[in-house]
Amino acid sequence: KKRGKLFLEHPGGTRLYSCAKCSTVLTNRDYLVSTRFTGSTGRAFLFKKVVNLVMSEKHERMMLTGRHIVRDVSCKKCKTKIGWMYEFAEEGTQQYKEGQVILERALIREYDEQFGNVFAS
């Protein structure tokens with residue numbers, strides 16, 4: 001079965017976050033909203049924009065902050081599940097998350113494209 005070319009986007013910027021498994025660029029530091037989240041692997045970061053993702057169907061998930069409708073997100077290139085996107089938050093105080101993406105810190109890498117520095121987890 002022949003596959004077409006995989007098109008990947010670049011979010012711009014130099015302080016980048018990429019998939020830890022295949023190094024596909026996902027987002028940059030300018031889109032980071034918060035580092036104070038927890039995922040299934042530990043620390044997780046909230047971003048307002050992430051590229052090069054594939055998303056699951058919507059499903060309901062009960063979290064510490066209430067009921068949310070989410071989509072799991074995976075790397076477009078290697079298909080590794082790396083986080084989730086908030087579609088809907090029932091609680092009014094949580095609605096700022098809608099449309100934003102959580103990436104699990106253990107599953108991404110942060111680096112500076114300009115200087116080639118990789119930052120520790």
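Strands are DSSP runs of type E with at least two residues, and they are numbered from the N terminus. The model treated in these exercises is predicted.

**Exercise 1. Determine where Lys 79 lies and what is notable about its phi.**

Solution.
Step 1. Locate the residue: Lys 79 is in the loop between β7 and β8.
Step 2. Consider the backbone. Phi of Lys 79 is near 70 degrees, a positive value in a residue that is not glycine. For residues other than glycine, phi is negative in most cases.
Step 3. Classify the exposure. The cut-offs are under 20% relative accessible area for buried and over 50% for exposed, with partly exposed in between. Lys 79 has 46% relative accessibility and therefore counts as partly exposed.

**Exercise 2. Determine the location of Asn 52, and decide whether this residue is buried or exposed.**

Solution.
Step 1. Asn 52 belongs to the loop between β4 and β5, the latter covering residues 53-55.
Step 2. The relative accessibility of Asn 52 is 4%, so the residue counts as buried.
Step 3. The contacts of Asn 52, leaving aside neighbours within four places in sequence, include Phe 7, Leu 8 and Glu 9, then Thr 24, Val 25 and Leu 26, and also Ser 74, Cys 75 and Lys 76.
Step 4. As a distance check, Asn 52 and Cys 22 are 30 residues apart in sequence, and their C-alpha atoms are 12 Å apart.
Step 5. The backbone of Asn 52 also has a positive phi, near 60 degrees, in a residue other than glycine.

**Exercise 3. Describe the overall architecture and dimensions of the chain.**

Solution.
Step 1. Count the elements: the chain has eleven strands and zero helices.
Step 2. Compare the radius of gyration with expectation. A compact globule of 121 residues would have a value near 14 Å, and the chain has 15 Å, which agrees.
Step 3. The C-alpha trace spans about 40 × 40 × 25 Å along its principal axes.
Step 4. Of the 121 residues, 42% are buried.
Step 5. Consider the contacts between residues at least 6 apart in sequence: 43% of them join residues at least 24 apart.
Step 6. The accessible surface comes to about 7200 Å², and carbon and sulfur atoms account for 49% of this area.
Step 7. The chain carries 22 positive and 13 negative charges, whose mean positions are 8 Å apart.

**Exercise 4. Identify the nonpolar cores and the residues that belong to them.**

Solution.
Step 1. The largest nonpolar core has 16 residues. Those with the most contacts inside this core are Leu 26, Phe 47, Val 50, Leu 53, Val 73, Val 101 and Leu 103.
Step 2. At least two residues of this core come from each of β1 (15-19), β4 (42-47), β7 (66-75), β8 (81-89) and β9 (101-104).
Step 3. A second, separate core has eight residues, among them Phe 37, Leu 46, Met 63 and Trp 84.
Step 4. Return to Phe 47. Beyond four places in sequence, Phe 47 touches residues including Tyr 17, Tyr 31, Leu 32, Val 33, Val 101 and Leu 103.
Step 5. Turn to Phe 37, which lies in strand β3, residues 32-39. Its relative accessibility of 13% is the reason why Phe 37 counts as buried.
Step 6. Apart from residues up to four places away, Phe 37 touches Gly 42, Arg 43, Ala 44, Leu 46, Tyr 86, Tyr 96, Lys 97 and Ile 102. The C-alpha atoms of Phe 37 and Val 70, by comparison, are separated by 15 Å.

**Exercise 5. State the accessibility classes of Ser 18 and Glu 113, and list contacts of each residue.**

Solution.
Step 1. Ser 18 lies in strand β1. At 3% relative accessibility, Ser 18 is therefore classed as buried.
Step 2. Excluding neighbours within four places, Ser 18 is in contact with Ser 23, Thr 24, Val 25 and Leu 26, and with Leu 107, Ile 108, Arg 109 and Tyr 111.
Step 3. Glu 113 lies in the loop between β10 (108-112) and β11 (117-119). With 43% relative accessibility, Glu 113 counts as partly exposed.
Step 4. Glu 113 touches His 10, Gly 13, Thr 14 and Leu 16, not counting residues up to four places away in sequence.
Step 5. Finally, Glu 113 and Arg 15 are 98 residues apart in sequence, yet their C-alpha atoms are 6.3 Å apart in space.

How values were computed. Residues numbered from 1 in each chain as written. Predicted model: local features only at pLDDT ≥ 70, side-chain atom pairs only at ≥ 80, totals over all residues. Heavy atoms only, no water. Core = buried A, V, L, I, M, F, W, Y, C linked by side-chain atoms within 4.5 Å. Buried < 20%, exposed > 50% of the residue type's maximum accessible area, 1.4 Å probe, protein only. Helix = DSSP H or I, 4+ residues; strand = E, 2+ residues; numbered from the N terminus. Contact = heavy atoms within 4.5 Å. Rg over C-alpha atoms; globule rule 2.2 N^0.38 Å. Areas by Shrake-Rupley, 256 points an atom, 1.4 Å probe, with all protein chains shown as cover. Lys, Arg positive; Asp, Glu negative; His and termini not counted. Charge placed at Lys NZ, Arg CZ, Asp CG, Glu CD.
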